[in-house]
Structure formats: C-alpha cells, structure tokens
Amino acid sequence: MKAIISILIVLGLFYGAKNLLGKYDEITKKGRGEITAAPVIPIQLQGLPERFEPALAEAQRLGPGSFKTFLDRYRASIQDPRLGDIELDYVLAVSRSNLQEARRVFAEVQARTPPSSPLYPRVKRLANSYQ
C-alpha cells in the first residue's frame with residue numbers, strides 16, 4: 001500500500017510540473033509579442049532571373065568577397081525587391097569583417113525600400129543594428 005501511494009505522489013508531481021511548464025511557456029510567448037506574420041522567403045520575391053540563381057547560391061557559399069563580386073557583376077540585371085533582399089544578405093555576411101561597408105549598403109537598401117515593399121519588415125528589423 002505504501003508503494004502505491006508513493007507512485008501516485010510521484011505521478012501527481014510529474015503531472016503538476018508538466019502543467020506548470022506548459023503555463024510558463026504560454027505566458028512567455030505572450031510576453032515576447034511574437035510576430036505572427038509569415039517571414040518573406042527570398043525565392044518568392046520577384047526580380048532575379050532564374051539563370052542567376054546558381055551563381056547567387058555559389059557566391060553566398062564562398063563568402064562576402066564572392067558575394068560582392070556577384071552583386072557588382074549582376075546588379076543591373078536584378079530588380080527590387082529581390083535586389084534589396086540579396087543586398088541585405090550581403091550586409092549580414094560582410095558585417096562581421098567590415099561594419100562600415102555593411103552600414104553603407106544597408107543605408108542604400110533602406111533609402112529605396114518604401115513601406116509598401118514586401119522587404120520593408122526585414123529592413124525595419126535590421127535598422128537598429130546598421131544605422
């Protein structure tokens with residue numbers, strides 16, 4: 001009988017702890033004010049011809065130097081909002097090694113991104129870090 005009561009007490013404590021952690025997660029999610037809007041997926045943005053996708057992926061893989069070369073070479077063929085999205089990816093990649101360059105490119109993207117652009121939420125999120 002003593003063993004059964006001990007098992008019931010342990011199960012009750014486990015159940016109570018599980019419910020308490022669930023309530024904690026619920027409260028912290030509400031407190032953080034999580035963004036419910038779906039993030040912009042770069043492939044969905046218009047402006048990059050499909051033939052440049054492999055070159056872009058390769059440039060991103062090779063690092064900021066190759067990324068800048070890609071942008072310098074193909075910038076005229078890419079249109080906003082995809083151009084701005086690619087440049088923001090470049091900003092994130094180059095910021096570790098050259099913060100001034102990252103801020104310069106970010107300022108250019110920010111200046112030409114209107115509030116109606118699908119890229120605007122991303123620009124707004126990054127604004128505090130690169131201004």
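**Reading the helices around α4**

Author: Val91 lies in helix α4, and we can read outwards from that residue, once the terms are in place. Helices are DSSP runs of H or I with at least four residues, strands are runs of E with at least two, and both are numbered from the N terminus.

Reader: Before we go on, what kind of model is this, and how are residues numbered?

Author: The model is predicted, so local features need a pLDDT of at least 70 and side-chain atom pairs count only at pLDDT 80 or more, whereas totals for chains, interfaces and linings use all residues. Residues are numbered from 1 along each chain as its sequence is written, and side-chain values use heavy atoms, with hydrogens and water left out.

Reader: How should I read pLDDT, and which elements have the lowest and the highest mean?

Author: In general, pLDDT is the predictor's confidence in each residue, on a scale from 0 to 100. Here the protein chain averages 81, and 89% of the residues score at least 70; among its elements, helix α1 (residues 2–32) has the lowest mean, 77, and α5 the highest, 89.

Reader: How many helices and strands are there in the protein chain?

Author: The protein chain has six helices and zero strands, which gives the order α-α-α-α-α-α from the N terminus on.

Reader: Is Val91 buried or exposed?

Author: A residue is buried when its relative accessible area is under 20%, exposed when over 50%, and partly exposed in between, with a 1.4 Å probe and protein chains only. Val91 has 0% relative accessibility and therefore counts as buried, whereas Leu92, which also lies in helix α4, counts as partly exposed at 33%. Over the protein chain, buried residues make up 29% of the 131 residues.

Reader: Which residues does Val91 touch, beyond those up to four places away in sequence?

Author: A contact means that heavy atoms come within 4.5 Å. With those sequence neighbours left out, Val91 touches Ala102, Val105, Phe106 and Tyr130, while Leu92, with its neighbours within four places set aside, is in contact with Arg122, Leu126 and Tyr130. Backbone spacing can be read alongside this: the C-alpha atoms of Val91 and Glu101, ten residues apart along the chain, are separated by 7.7 Å, and those of Leu92 and Ala102, also ten residues apart, by 7.3 Å.

Reader: At what angle do the axes of α4 and α5 cross?

Author: An axis is a line fitted to C-alpha atoms, for helices over the stretch in contact, and the angle between N-to-C directions runs from 0 to 180 degrees. Angles under 35 degrees count as roughly parallel, over 145 as roughly antiparallel, 65 to 115 as roughly perpendicular, and the rest as oblique. For helix α4 (residues 82–94) and helix α5 (residues 99–111), the axes come within 8 Å and cross at roughly 160 degrees, so α4 is roughly antiparallel to α5.

Reader: What is the handedness of that crossing, and which residues meet there?

Author: A crossing is left-handed if the near helix is turned anticlockwise from the far one by less than a right angle, and right-handed if clockwise. The crossing of α4 and α5 is left-handed. From α4, Gly84, Glu87, Leu88, Tyr90, Val91 and Val94 meet Leu99, Glu101, Ala102, Val105, Phe106 and Val109 of α5. These contact residues divide into nine nonpolar, one polar and two charged, where Ala, Val, Leu, Ile, Met, Phe, Trp, Tyr, Cys and Pro count as nonpolar, Asp, Glu, Lys and Arg as charged, and the others, Gly among them, as polar.

Reader: How does α3 lie against α4?

Author: The axes of α3 and α4 come within 10 Å and cross at roughly 155 degrees, and these two helices are therefore roughly antiparallel to each other. Their crossing is left-handed. Pro64, Phe67, Lys68 and Leu71 in α3 meet Leu83, Ile86, Glu87, Asp89, Tyr90, Ala93 and Val94 in α4, a set with eight nonpolar, no polar and three charged residues.

Reader: Is Leu83 buried or exposed, and what does Leu83 contact?

Author: Leu83, in helix α4, is buried, with a relative accessible area of 8%. Apart from neighbours within four places in sequence, Leu83 is in contact with Leu71, Arg75, Ile78 and Arg112.

Reader: Where is Pro81 found?

Author: Pro81 is found in the loop between α3 and α4, and a cis peptide bond with omega of about 10 degrees joins Asp80 and Pro81.
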